[in-house]
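These notebook entries record what I looked up in a structure that was new to me. I began with the whole chain and then turned to single residues.

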Amino acid sequence: YYNGLNLVEQRLAQQGYVVFAVNYRGGSGFGRRFQDLSKNDWANGQALDAAAAAHYIRAQPWSSGKVGIYGYSYGGIISLAAIARAPEDFDAAVPMGGIYDFAWSHENAERLIQLWVRQGHGGSPQERPEVYAISNTISRLDAVKTPVLLMHGESDTISPFEQYQQVVAELKRHGKVFEAHSYAAEPHRFRDPANRVDMYRRLEAWMDRWLKQPSQQSLQEAP
């Protein structure tokens, strides 16, 4: 995934999970043309790349048939985007520290994020509303069928905490299955190691609950 320690992935693998890191369109390693595939299409085609990976995993002989998705920062963006755009493809999701409405973030995040968002969308929300509508995940949360664990730092200015609050409100409004947990005083890069450990313990427990436990349907059908 990258040249360094991947401790969360190692931990999940140790617990019996197969961990699949998706280099979705817009990533590095395949040249500029591949990187540019995400322009004007943030969180959309990329979410479908994640869904394609879920299809691949289910087709393997070692697969249990259950697939979860998680990520932090842009990984959080894609995790929520995927279950909103491919609602049948994931059995658990843990988005962390993400931006879920880029038009709102363009107006309210710190200046470097505003510039980054404008570059990826080809202009401001006022100039390109149709492009921001493509990347908006909050407007699609009514389609979600996947159980969601949402986590965020309350002092985040890169992915402002209000994005978390907006998602929580929408998930509640639509009656979705979810849990939410936030961390007081934590910025985008957590300062307290105990909070980071807690966050990933919650992630692991959520995956265990929805991917390892028998489904409610199976329990009901059991003799």
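The entries below go from the overall fold to two loop residues.

Entry 1, the model. I noted at the outset that this is a predicted model.

Entry 2, secondary structure. I found ten helices and four strands in the protein. Following the sequence, I wrote their order down as α-α-α-β-α-β-α-α-α-β-α-β-α-α.

Entry 3, overall dimensions. I asked what radius of gyration the protein has. The value is 17 Å, which agrees with the figure near 17 Å for a compact globule of 223 residues. Along the principal axes, the C-alpha atoms fill a box of roughly 60 × 40 × 40 Å.

Entry 4, burial and contacts. I recorded that 46% of the 223 residues are buried. I then took the contacts between residues at least 6 apart in sequence, of which 68% join residues at least 24 apart.

Entry 5, surface and charge. The accessible surface comes to about 11,800 Å², and carbon and sulfur atoms account for 50% of that surface. I also looked up the 23 positive and 24 negative charges, whose mean positions are 3 Å apart.

Entry 6, Ala43. I located Ala43 in the loop between helix H2 (32-36) and helix H3 (45-58). Its phi is near 65 degrees, a positive value in a residue other than glycine. Is Ala43 buried or exposed? Ala43 counts as buried because its relative accessibility is 0%, and buried means under 20%.

Entry 7, Ser73. I found Ser73 in the loop between strand S1 (68-72) and helix H4 (74-85). Ser73 is not a glycine, yet its phi is positive at about 65 degrees. With 25% relative accessibility, Ser73 counts as partly exposed.

Terms used:
Residues numbered from 1 in each chain as written. Predicted model: local features only at pLDDT ≥ 70, side-chain atom pairs only at ≥ 80, totals over all residues. Heavy atoms only, no water. Helix = DSSP H or I, 4+ residues; strand = E, 2+ residues; numbered from the N terminus. Rg over C-alpha atoms; globule rule 2.2 N^0.38 Å. Buried < 20%, exposed > 50% of the residue type's maximum accessible area, 1.4 Å probe, protein only. Contact = heavy atoms within 4.5 Å. Areas by Shrake-Rupley, 256 points an atom, 1.4 Å probe, with all protein chains shown as cover. Lys, Arg positive; Asp, Glu negative; His and termini not counted. Charge placed at Lys NZ, Arg CZ, Asp CG, Glu CD.
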